[in-house]
Structure formats: C-alpha cells, structure tokens
Amino acid sequence: MGYTLNFDAVWRNFDDLLWGLGLSLLLAVTAIGIGCLLGLVLAFGRISRSRLLSVPANAYVTLLRNLPLLVLVLFSFFALPQLGLRLSKQNSFVLALALYSAAYLAEVFRGGLLGVPRGLREAGLAIGLTEGQIRRRITLPVMFRAVLPALGSTFIGLFKDTSLAAAIAVPELTFEARKINVETFRVIETWLVASGLYIATCSILAALLRRVEARLAI
C-alpha cells in the first residue's frame with residue numbers, strides 16, 4: 001500500500017481531457033438534436049388514430065427501450081458496414097445515440113402532447129387557424145415548455161452515455177482518460193480528474209437548464 005498520489009502526469013495531458021470533454025458535449029448535442037426530431041415524429045405517430053402510424057411507432061419505442069445502448073453502438077459500428085452503410089466512428093456513435101434517445105424522447109413528447117389542454121386547440125380553430133398552424137403556434141410551444149425539465153435530464157443522461165463511445169475508440173473524455181491511464185499508470189489520479197470533469201460539467205448543465213426553465217416559466 002505504498003501508492004502515492006501524483007497528478008503531474010495527468011496535468012501534462014489535461015488538454016487531451018478537455019478536448020475529449022468538448023467532443024463528448026458535441027456528440028450529446030448532435031444526438032439529442034436528431035433524437036428530438038425523430039422523437040417528435042414518433043410521439044405524433046403514437047397518439048395517431050391511424051394504426052399505420054401508431055403500430056410502427058409503438059414497435060420502435062418498445063424495441064429501442066429494451067435494447068442496451070452499448071449493443072446498439074456496436075451494431076452501428078460493426079454491422080452497418082456489412083450492410084453497405086459505412087460511417088465514421090463519431091457518426092456511427094451519434095446515429096446509435098440519436099436512435100436510442102428518440103425512443104425515450106418519444107415518450108416524453110407524447111406525455112407533453114397529451115397534456116396540452118383541448119381548449120387551446122378549440123380556441124385556435126375559433127380564430128381561424130388551420131390544424132398545422134395550431135400545432136406549430138400553440139401545441140408545440142406549450143408542449144416544449146412542459147417537457148423542458150425531462151428534456152434537460154435526458155440531455156445530461158446522454159452526455160454521460162457518451163462514455164460508451166470509448167468502446168469504438170471515439171476520442172471522447174473516457175477514451176482520453178483511459179489512454180492517459182495506460183501511458184502513465186496513474187490510475188487513481190486519472191479517473192479522479194475525469195470523474196471531476198464529468199461531475200462539474202453535469203452540474204453546470206443542470207444549473208443552466210434550471211435558469212432556462214425559470215425564464216420560460218416566467
């Protein structure tokens with residue numbers, strides 16, 4: 001038990017950790033952007049009266065919510081090229097994360113859509129708005145304000161899930177920390193600093209999201 005903490009090697013490679021942190025945030029932002037679009041389409045499909053829309057949407061949500069994210073990441077990176085779709089490591093991971101998040105965001109958006117008072121739609125019809133205008137100008141803005149807390153929590157969760165990108169050698173924060181660990185053998189120091197970066201980033205994101213929620217609530 002003669003281990004002595006020495007952070008010098010970690011600080012010398014701290015730029016690599018910050019680069020990995022930036023890439024983790026970029027992966028999460030891109031994935032949730034795509035996931036929101038797909039999740040919104042799925043949410044409308046799930047509440048549709050047409051079985052041609054609701055059945056595929058329900059099947060997608062059920063399948064993806066019961067599939068481990070790591071399995072989806074590995075399938076996207078290793079199996080899709082066998083089917084003729086070749087993507088870079090970053091793009092294949094974003095695809096997997098976006099498809100995965102869409103299944104959960106579909107449930108968030110479905111609850112938000114069902115929570116919009118019917119009176120708002122009737123009021124829109126009364127002033128001559130079309131169904132499309134009602135959705136764009138009334139339903140979606142009200143829904144997004146209602147689901148913002150859940151949306152923020154999902155984004156923070158996706159940011160933490162980007163650590164799985166290390167499994168396919170995407171140079172995000174966990175991958176860079178593992179590389180420093182292997183090169184310097186400073187196991188405790190490396191993972192303490194990496195953990196601190198994750199915790200600090202999640203705390204900052206949560207604080208920013210709370211301010212946005214408070215502003216929209218006003």
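## Exercises on an all-helix chain

Tyr-100 has a relative accessibility of 15%, so it counts as buried. That value, like the others below, comes from a predicted model. Let's work through a few tasks with the structure open.

**Exercise 1. Sort Tyr-100 and Tyr-104 into buried, partly exposed or exposed.**

Solution.
- Step 1: get the cut-offs. Buried means under 20% relative accessible area, exposed means over 50%, and partly exposed is in between.
- Step 2: take Tyr-100. Its 15% makes it buried.
- Step 3: take Tyr-104. Its relative accessible area is 30%, so Tyr-104 is partly exposed.
- Step 4: find both on the chain. They sit in helix 5, which covers residues 89–114, and are 4 residues apart, about one turn of the helix.

**Exercise 2. Decide how the rings of Tyr-100 and Tyr-104 pair up: stacked, edge-to-face or tilted.**

Solution.
- Step 1: recall the rule. Ring centres have to lie within 6.5 Å; planes under 30 degrees apart are stacked, over 60 edge-to-face, and the rest tilted.
- Step 2: count the pairs this gives. There are 6 aromatic pairs.
- Step 3: apply the rule to our two tyrosines. Their centres are 5.2 Å apart with 50° between the planes, so the pair is tilted.

**Exercise 3. Do the job again for Phe-159 and Tyr-198, and say where each one sits.**

Solution.
- Step 1: check Tyr-100 again as a warm-up. At 15%, Tyr-100 is buried.
- Step 2: look at the new rings. Phe-159 and Tyr-198 make a tilted pair, 5.6 Å from centre to centre with 55° between the planes.
- Step 3: place them. Phe-159 belongs to helix 7 (residues 131–161) and Tyr-198 to helix 9 (residues 187–217); with their positions 39 residues apart, the pair links distant parts of the chain.
- Step 4: sort them. Phe-159 is buried because its relative accessibility is 0%. Tyr-198 is buried too, with a relative accessible area of 15%.

**Exercise 4. Find out which helix gives the largest share of the largest nonpolar core.**

Solution.
- Step 1: meet the core. It has 55 residues, and those with the most contacts inside it include Leu-17, Leu-27, Phe-93 and Phe-109.
- Step 2: list the suppliers. Helices giving at least two residues each include helix 2 (14–46), helix 3 (51–65), helix 5 and helix 9.
- Step 3: pick the winner. Helix 5 brings the largest share, 13 residues.
- Step 4: zoom in on Phe-93. Leaving out residues up to four places away in sequence, Phe-93 touches residues including Leu-27, Val-73, Leu-164 and Ile-168.
- Step 5: fit this to the general trend. In soluble globular proteins, nonpolar side chains tend to be buried together.

**Exercise 5. Now go to the surface: which residues make the nonpolar patch of about 540 Å²?**

Solution.
- Step 1: name them. They are Tyr-3, Leu-5, Val-187, Ile-188, Trp-191 and Leu-192.
- Step 2: check Ile-188. It lies in helix 9, and Ile-188 is partly exposed because its relative accessible area is 42%.
- Step 3: look for a neighbour. Asn-181, found in helix 8, touches Arg-186, Val-187, Thr-190 and Trp-191 when residues up to four places away are left out.
- Step 4: sort Asn-181. With 16% relative accessible area, Asn-181 is buried.

**Exercise 6. Describe the whole chain: its elements, span and burial.**

Solution.
- Step 1: elements. There are 9 helices and 0 strands.
- Step 2: span. The C-alpha trace covers about 75 × 50 × 25 Å along its principal axes.
- Step 3: burial. Of the 218 residues, 40% count as buried.

Technical notes
Residues numbered from 1 in each chain as written. Predicted model: local features only at pLDDT ≥ 70, side-chain atom pairs only at ≥ 80, totals over all residues. Heavy atoms only, no water. Buried < 20%, exposed > 50% of the residue type's maximum accessible area, 1.4 Å probe, protein only. Core = buried A, V, L, I, M, F, W, Y, C linked by side-chain atoms within 4.5 Å. Contact = heavy atoms within 4.5 Å. Patch = residues over 30% accessible without salt bridge, like charges linked within 9 Å, V, L, I, M, F, W, Y side chains within 5 Å. Areas by Shrake-Rupley, 256 points an atom, 1.4 Å probe, with all protein chains shown as cover. Salt bridge = Lys/Arg side-chain N within 4 Å of Asp/Glu carboxyl O.
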